[in-house]
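This report was prepared for a reader who wishes to relate the sequence to the fold. Please consider the structure shown below before reading on.

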Amino acid sequence: MRAKRVTVSGTQTVVADPARDGDPADGGSLAPVDPEFVELGGAGMAAKYSLAVAGQRPSPWAYARRLWVARHFIVTWATARNQALYSGSRLGQLWQVLTPILNVAVYYLIFGILLGTRDGIPDFIVYLVAGVFIFNFMQTAMLYGSRAISDNLNLIRALYFPRASLPIAITIIQLQQLLIAMVILVAVALAQGEPVTWHWLLILPALCLQFVFNTGLALLVARFGAILTDTSQLLPFILRTWMYASGVFYSIKIMLGKHRIPGAVTWILDHNPPLLFIQVIRSQLITVPATNNPTTALGYQNAMFLPAHAWLWLAIWAVAVGVGGYLYFWQGEETYGRG
C-alpha cells in the first residue's frame with residue numbers, strides 16, 4: 001500500500017492513498033483465494049466438512065440423545081434446586097412434609113366436614129390424601145414448568161444445553177417431593193388400618209406413567225410460557241377448574257348421580273387423566289368394607305368407581321402427551337432465550 005504526505009497548516013500528515021491501495025501493479029497484494037471455496041461455495045464447504053450452524057435445532061432423535069447425555073446435569077440441577085427451595089425458611093426441608101399435611105387438613109375441614117363430601121366414601125382420609133397428592137404432582141409440574149424458560153434466561157444465554165432439560169428437571173423436582181408425600185400417604189393408610197397387599201405395587205407403574213404425562217405437560221406449557229408470559233397467570237384458573245372436575249375432594253360418580261349430566265360430559269369425565277390416575281391409586285390403597293346396606297354399598301361402589309379402560313387410557317395419555325409435548329417443545333428449540 002502506498003502513502004502520500006499532505007501538508008495542512010504547516011503540519012505534515014501521512015495518509016493512505018485509496019486510489020493505489022491494493023493495486024498489484026504498484027506492489028499491493030490481494031487476499032489469497034481458496035480454490036476449494038470458489039468451487040464449492042459456503043454451503044458446499046459446510047456439507048463436505050460436516051459443519052452445522054451453531055444452535056441449530058437437531059432432529060428429534062438427535063435431540064433425545066443430547067438429553068440423555070445431559071441426564072446428569074438434569075438430575076443434579078433438579079436436586080440442587082429442590083434442596084434450595086426452602087433454604088430461606090427456618091424449618092427448611094421440613095416444609096416438604098408440612099406443606100402437603102397442612103393442605104390435606106384444610107381440604108378435610110372444608111370439604112369433608114363443612115360440605116359433607118365424606119359421606120358414602122370408604123376411608124375418606126386416605127381417599128382425600130391420595131387425591132390431593134396425585135393432583136398436586138401434576139399441578140405443580142405445570143405451574144413451575146410454564147416459567148421454566150422465563151425464569152432461567154441467564155442460564156440459557158450463558159450456556160448451551162438442550163432447553164428441554166429445564167422443564168424435565170422441574171418435573172423431577174416435583175417427583176422428588178411426591179415421593180416424600182407418598183411416604184405420608186402410606187403412613188396414613190397404615191394408621192387407618194388399611195392392609196398391605198400386592199396391589200400396592202401397582203402404584204409404581206401408575207406413578208411412572210404420570211411422570212411421563214406430567215413431563216409432556218411441563219414441556220407443553222414451557223413453550224407456551226416462553227411465547228406468552230401471561231401463561232403462568234392464566235394456568236391457576238385452568239388448574240382449579242380441572243381439580244374440581246377430577247374428584248380430588250369428593251366422588252365424581254356420586255356427584256353425577258345427583259344431577260342429570262349429558263352423556264358426552266360423562267364420557268369426558270370418565271377419561272379425565274388426573275381422575276384416572278387418582279382413582280387407580282385409590283383403588284390400590286383402599287379396601288372397601290363389606291356391608292349389608294344396599295345404599296351404603298352403592299355409595300362405596302360409586303366412590304371407588306374405576307373404569308375398565310383405566311390402565312389402557314393411562315398409557316394412552318402418557319404416550320400421547322409425553323411425545324406430543326416433547327415434539328412441540330423441540331420445534332421451538334432455536335427460539336428460547338432470543339430477543
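The following sections treat the overall make-up, the nonpolar cores, one helix face, a loop pair and selected surface features.

**Overall make-up**

The model is a predicted one. The protein contains 14 helices and two strands. Of its 339 residues, 39% count as buried. Among the contacts with a separation of 6 or more, 76% are accounted for by residues 24 or more positions apart. The accessible surface comes to about 18900 Å², and carbon and sulfur atoms hold 65% of this area.

**Nonpolar cores**

The largest nonpolar core has 52 residues. Within this core, Phe133, Ile134, Leu185, Phe249 and Leu285 touch the most other members. At least two residues of the core come from each of H4, H5, helix H7 (165–191), helix H8 (203–227), helix H9 (231–244), H10, H12 and helix H14 (310–331). The greatest contribution is that of H5, which gives 13 residues.

Which residues does Ile134 contact, leaving aside its neighbours within four places in sequence? The partners of Ile134 are Leu178, Met182, Leu207, Gln210, Phe277, Ile278 and Ile281.

Apart from the core of 52 residues lies another core, of 22 residues. Its members include Ala148, Ile168, Ile173 and Tyr336.

**Helix H13 and its buried face**

Helix H13 spans residues 294–303, and its buried residues are Gly299, Tyr300 and Ala303. Viewed down the axis of H13, these buried residues fall within an arc of 100°, and therefore they line one face of the helix. Pro294 and Gln301 are exposed on the other side of H13. The buried residues of H13 pack against three elements, namely helix H5 (124–145), helix H10 (252–257) and helix H12 (273–285). H5, H10 and H12 are also among the helices that each supply at least two residues of the largest core.

**Two loops brought together**

Pro289 is located in the loop between H12 and H13, and Asp123 in the loop between H4 and H5. Although Pro289 and Asp123 are 166 residues apart in sequence, their C-alpha atoms are 9.2 Å apart in space. Not counting residues up to four places away in sequence, Pro289 touches Pro122 and Tyr300; Tyr300 is one of the buried residues of H13.

Is Asp123 buried or exposed? Asp123 is buried, because its relative accessible area is 16%, and buried means under 20%. The backbone of Asp123 has a phi near 50°, a positive value in a residue other than glycine. Pro289, in contrast to a buried residue, counts as partly exposed at 39% relative accessibility.

**Helix H4 and the surface**

Helix H4 (residues 95–114) holds Val106 and also Thr99. Thr99 is 82 residues from Ala181 in sequence, with a C-alpha to C-alpha distance of 9.4 Å. Val106 takes part in a nonpolar surface patch together with Leu109, Ile110, Ile113, Leu114 and Leu115. The accessible area of this patch is about 560 Å² in total.

**Salt bridge**

How many salt bridges does the structure hold? The structure holds one. Its partners are Arg147 and Asp151, whose side chains meet at 3.2 Å, N to O. As a general point, side chains of opposite charge can pair when their charged atoms come close. Of the two partners, Arg147 is partly exposed, with a relative accessible area of 29%, whereas Asp151 is exposed, with a value of 51%.

**Accessibility of selected residues**

The table collects the relative accessible areas of residues discussed above.

| Residue | Relative accessible area | Class |
|---|---|---|
| Thr99 | 30% | partly exposed |
| Val106 | 45% | partly exposed |
| Asp123 | 16% | buried |
| Arg147 | 29% | partly exposed |
| Asp151 | 51% | exposed |
| Pro289 | 39% | partly exposed |

Definitions and conventions
Residues numbered from 1 in each chain as written. Predicted model: local features only at pLDDT ≥ 70, side-chain atom pairs only at ≥ 80, totals over all residues. Heavy atoms only, no water. Patch = residues over 30% accessible without salt bridge, like charges linked within 9 Å, V, L, I, M, F, W, Y side chains within 5 Å. Areas by Shrake-Rupley, 256 points an atom, 1.4 Å probe, with all protein chains shown as cover. Salt bridge = Lys/Arg side-chain N within 4 Å of Asp/Glu carboxyl O. Helix = DSSP H or I, 4+ residues; strand = E, 2+ residues; numbered from the N terminus. Buried < 20%, exposed > 50% of the residue type's maximum accessible area, 1.4 Å probe, protein only. Arc of directions from axis to C-beta. Contact = heavy atoms within 4.5 Å. Core = buried A, V, L, I, M, F, W, Y, C linked by side-chain atoms within 4.5 Å.
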